Amino acid sequence: MESVQRSSTQRDAVRELRLHLVTWNVGTASPPPDVSSLLQLDSLSPSVDIYVIGLQEVNSRVTNFLSDLVFDDPWSIFFMSVLSPLGYIKLSSIRMQGLLLLIFVKHAHLPFVRDVRTHYTRTGLYGYWGNKGGVTIRMSLYGHTICFINCHLPAHMENTEQRLDDFEKILEMQFEEENIPSTLDHDVLFWFGDLNFRIADYGIHFVRESINNKRYNLLWEKDQLNMAKKKEAFLQEFIEGPLQFKPTYKFDLHSDVYDTSEKKRKPAWTDRILWRVKSLCQRASKDDFSEEEQTISVTLNNYISHMSYGISDHKPVTGTFGLELKPLLSDPLVTLSPEGEWSAEHDVFISYSAVPGFPSSAWDWIGLFKVTFRHANDYVTYAWVDDDEVSSNEDSKLVYMSAAEIPDMGGEFLLCYYSNNLQSIVGISQPFQIQPNRTLIGKDLAQEQNTWMQKADNLESHNEF
């Protein structure tokens, strides 16, 4: 009876998250009008918890790149405009010339995403040029370490060894902080992008005929990545779903017709998504591995291409995953809420409390955000937790926010606590309403009414004349 009760408790503790990963070589094109099917927004499946979007060949001309350093690039703005109204914020992004990696998460998960770090590795022109290489974002999710690597590896049939060498170099990169594990030491590692592996040996006519007859299995044996996985030990730990979709390269623009140019490139599965679970590697290396030691597992639910998108010569590929994990973190570092009813007519207060040992800083702040906020810097206003503190006791602290900073029109908002030491949002309130400033709104309406009356009088005088 005791063992049954224990396993039931463990089952209750397991959390299931849904992760949707996109890889797409966009060929310097602008975003398409609609990405509903790409992001499964028109799907009846459960909603996604985390979106990971890896793009290659984003327009990286010097003028574009310099402006993107100051402002978000068009693709980032586009995905934020699509996802922020649905309750996702851009957690992090990294850009290296044409390589772009974006991660969006649902609001509810923000307090449990920590230690977000980014890195990039150049491999083009012997490491001096960023047209090829990898961009990386890592994080701790409910206490589990997860790493995402978006790669653009060298092209052409004959460069298989160069692709493998470059990926090994990317895997060897180290994060600057001492407490951050190396890439392969993360609990889960996702590797994806335009990996540029081709279909060897077979001629173009055999390849195209096999595709037309949907006999993709005839081509798997000669896929360079599949062949490399049989020989290279470091690749054998990576898992990939079955390639049950048409090769995603190379297409005529705005069509589902393979290359009709003079070059007539042979079709290939260049765009791929693979993953590696550290505990599975440990299990393979020791006989006494216990099931209880595996606190996170990855299940591939869907691995497909999207033929309807034709802005580049590649078709996008998506992988939808279930992450089943036992949370190592169950409470947010900071809990906060608005004190009393908020109105734009008077000063307001924020109540918050932190867990014991929380590494607070004088640079921590609490931001007021619209519920559709796009990223951590998209606040309406903010208060410094130290400078604007008005009272403190063992249980909680009170922070002041001036009425002059509150939007006059009111509306639905959230409060978020930003930790400077952890470089992330570590607490988020429930959505709440701010009542509008009726006095100012009344003045505005009266002023608007006077303006219309003046226009009507002027028109009447003009007609009499």
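This tour visits the aromatic rings and one sheet of a predicted model.

**Stop 1: a pair of phenylalanines**

A search of the whole structure finds 31 aromatic pairs. A pair of aromatic rings is described by the distance of the centres and the angle of the planes. Please select Phe-148 and Phe-190 to begin; their ring centres are 5.3 Å apart. The planes of these two rings meet at 10 degrees, and planes under 30 degrees apart count as stacked, so this pair is stacked.

Next, display the strands that carry the two residues. Phe-148 belongs to strand 7 (residues 144-152), while Phe-190 belongs to strand 8 (residues 188-194). The two residues are 42 residues apart, and the pair therefore links distant parts of the chain.

Are these residues buried or exposed? Phe-148 has a relative accessibility of 1% and counts as buried. Phe-190 is also buried, at 0% relative accessibility.

**Stop 2: a pair with another geometry**

Now select Tyr-382 and Trp-384, which form an edge-to-face aromatic pair. Their centres lie 5.4 Å from each other, with 85 degrees between the planes. Tyr-382 counts as partly exposed because its relative accessibility is 34%. Trp-384 is partly exposed as well, with a relative accessible area of 26%.

Extend the selection to Trp-363, Trp-365, Phe-369, Phe-373, Tyr-379 and Tyr-418. Together with Tyr-382 and Trp-384, these residues form one aromatic cluster.

**Stop 3: a charge over a ring**

Select Phe-251 and Lys-315. What sits over the ring of Phe-251? The charged end of Lys-315 is found there, 5.0 Å from the ring centre.

**Stop 4: the six-stranded sheet**

Change to a cartoon view and find the open sheet of six strands, whose order is 3-4-2-1-11-10. The pairing within this sheet is mixed. Which strands form its edges? They are strand 3 (88-96) and strand 10 (296-305), each of which pairs on one side only. From one strand to the next, the twist averages 15 degrees.

Zoom in on strand 3 and strand 4 (residues 99-106). These two strands run antiparallel and are joined by eight bridges. For a single example, select Arg-95, whose bridge partner in strand 4 is Leu-100.

Finally, select helix 3 (residues 74-83), which packs on the sheet. Helix 3 touches strand 1 (15-25), strand 2 (50-56), strand 3 and strand 4. The direction of helix 3 makes about 15 degrees with that of strand 4.

Terms used:
Residues numbered from 1 in each chain as written. Predicted model: local features only at pLDDT ≥ 70, side-chain atom pairs only at ≥ 80, totals over all residues. Heavy atoms only, no water. Phe/Tyr/Trp six-rings, centres within 6.5 Å; stacked < 30°, edge-to-face > 60°. Helix = DSSP H or I, 4+ residues; strand = E, 2+ residues; numbered from the N terminus. Buried < 20%, exposed > 50% of the residue type's maximum accessible area, 1.4 Å probe, protein only. Lys NZ or Arg CZ within 6 Å of the ring centre and 35° of its normal. Pairing = 2+ DSSP bridges. Axes fitted to C-alpha atoms, helices over the stretch in contact; angles between N-to-C directions. Contact = heavy atoms within 4.5 Å.
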